[in-house]
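The following note sets out, in numbered points, what can be said about one chain of the model shown below. Please read it alongside the coordinates.

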Amino acid sequence: MILYEFDYERPASLEQASAHLRRLGDSARLAAGGTDLFPAMRVANERPATVVSLGALSPAPPTRQPDGAIRIDALARLAAVANSELIREAVPMLALAASVVASCPIRHMATLGGNLCQDTRCLQLNQKHDYQFKPDCYKRGGAVCYPFPNNPPGTCWSVHLSDTAPALIALDARVEIIGGAGSRWASVESLFSGSGMKPLRLAGDEIVRAIVVPAPAARFGWGFRKSARRGGLEYGASVMSVALTAAEATQTCRSARIVIGAIRERPVRALQAEQMLAGAALDAETIAQAAAAVAKEISPLPHHGFTRSYIRDDIRVKIARVLREAADRALGADGQKGEADRG
Amino acid sequence: MDNALRIKGTRSQVVEICVNDEWHEVSVRPRHMLVEVLREMIGLTGTKDGCEQGACGACTVLIEGAPALSCMTLAVDCEGKHVRTVEGLAPDGRVSPIQQAFLDQGAVQCGFCTPGMLMSITSLLERNPRPTVPEIKKALDGNLCRCTGYNAIVDAVLQASGQGVEPLMK
């Protein structure tokens, strides 16, 4: 039950929705699936004067473009992404990432675009009942940060907990964004600002229309893992996603993208580990070194009861398995899987 | 079709929602969630209002056949849509096979989660008539039950889908 009255706009197209957002400015919020916005409104974390609902718009089915890329409507429900034959065959990492988000009813409501554009969370922001008689924090316009009291004003260490964003960044996906000036393209990676105060690099009237995942190169391999306590209906302690390609007819890695989500204000790439892997043999030793490098270079924020050192150790162990999976897939065609370090 | 709509927060709008194959005209404000309309305006109190933040699944209904959390769905967004609630499983007062399986397996204790469980399972069995145990658990990952420990519920789904689990209670 939302305890205040707000206005409602139901546009008949995304262009109309963008025009509403432009006219209403910061007092309006966009609702696609509503699974992020409405709980936040219920606890008064968000108090938009107007909700612009995309409830009247239905997503186009995912399509394969002439260049082999897969185009997915941003309004595609996560369950539809996870169950789509085309996506399961062409982008299995995204199908897996979509299938581990939240719970079954939420996956049927929430959209892929909304999963990318969700707000960041922290225990204070999202446990309003414990803090309801206390002044607002920086993110809500106040002058205090409860979990990190030494943070200077304007620094919010809330965490972006999307499960699909790391997978899409590893796959080097791009998004089509519509706004007042027509449409523009951006990489999913550049969508995130890295600021907990305003996690997205989107203007007030901009809306993500579609996500395009490029066709994989030859000898491509992927690995994905959401590290979580129960395995259902929860946020990840971290979300690990790896996409790599093996060099032709060898056991070496040509290039790798390692993305860790749910540890910072944005999904982060482990650039040093990526460089370490490029050109190196995909054997147990390299993978152990790369995993240690990932754990060393990331700087996780404690969140949802996970401490900084727990998250770091957890990632060091599990990213090695994810890298092994990706390497096996990339080398798989040769039938020379490295099983040595499986334990 | 231009189905754009604008409502002021302090005004009501009459919307038509088809609940269990019966069309209802309800006068709602933008802030009204579907669960409030079902329970307080239409009078179908089978759907439960639990956590209101998507954690418990007690309010699960089927909107156009897909499970949805009615506490996080605006009622105005449901205009012209078909909603099924737990009452729709037993239209003539006779329990459906999945409800009978819940009774047979003792899968109901306090009963607060049961309507949401039944709707999630109904949706699962419509998509997948013979689900495996992992598939059942995946489909029920959004429905919390604090009494039964879930095993009886999984057994009830196996019984209802004819997969070799005999009724525990006859």
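1. The model is predicted. A convenient place to begin is B:Ile17, which stands opposite B:His24 in strand E3(B).

2. That residue pair belongs to two strands of chain B, E2 (residues 13-19) and E3 (residues 22-28), which pair in the antiparallel sense over seven bridges. The two strands form a hairpin, with two residues between them. Within the turn, B:Asn20 has a positive phi of about 50°.

3. Which strand pairs with E2(B) in the parallel sense? The partner is E6(B), comprising residues 82-84, and the pairing extends over two bridges. Here B:Cys18 has B:His82 of E6(B) as its bridge partner. Strand E2(B) thus takes part in an antiparallel pairing with E3(B) and in a parallel pairing with E6(B).

4. Chain B as a whole contains six strands and five helices. Along the sequence, their order is β-β-β-α-β-β-β-α-α-α-α.

5. As to overall dimensions, the C-alpha atoms of chain B fill a box of roughly 55 × 30 × 25 Å along the principal axes. The radius of gyration of chain B is 17 Å, which agrees with the value near 15 Å that a compact globule of 170 residues would have.

6. Two totals describe the packing. Of the 170 residues in chain B, 48% are buried. Among contacts in chain B with a separation of 6 or more, 58% are between residues 24 or more positions apart.

How values were computed: Residues numbered from 1 in each chain as written. Chains lettered and ligands numbered in written order. Predicted model: local features only at pLDDT ≥ 70, side-chain atom pairs only at ≥ 80, totals over all residues. Helix = DSSP H or I, 4+ residues; strand = E, 2+ residues; numbered from the N terminus. Rg over C-alpha atoms; globule rule 2.2 N^0.38 Å. Buried ≥ 20, exposed ≤ 12 C-beta atoms within 10 Å, placed from the backbone. Contact = placed C-beta atoms within 7 Å. Pairing = 2+ DSSP bridges.
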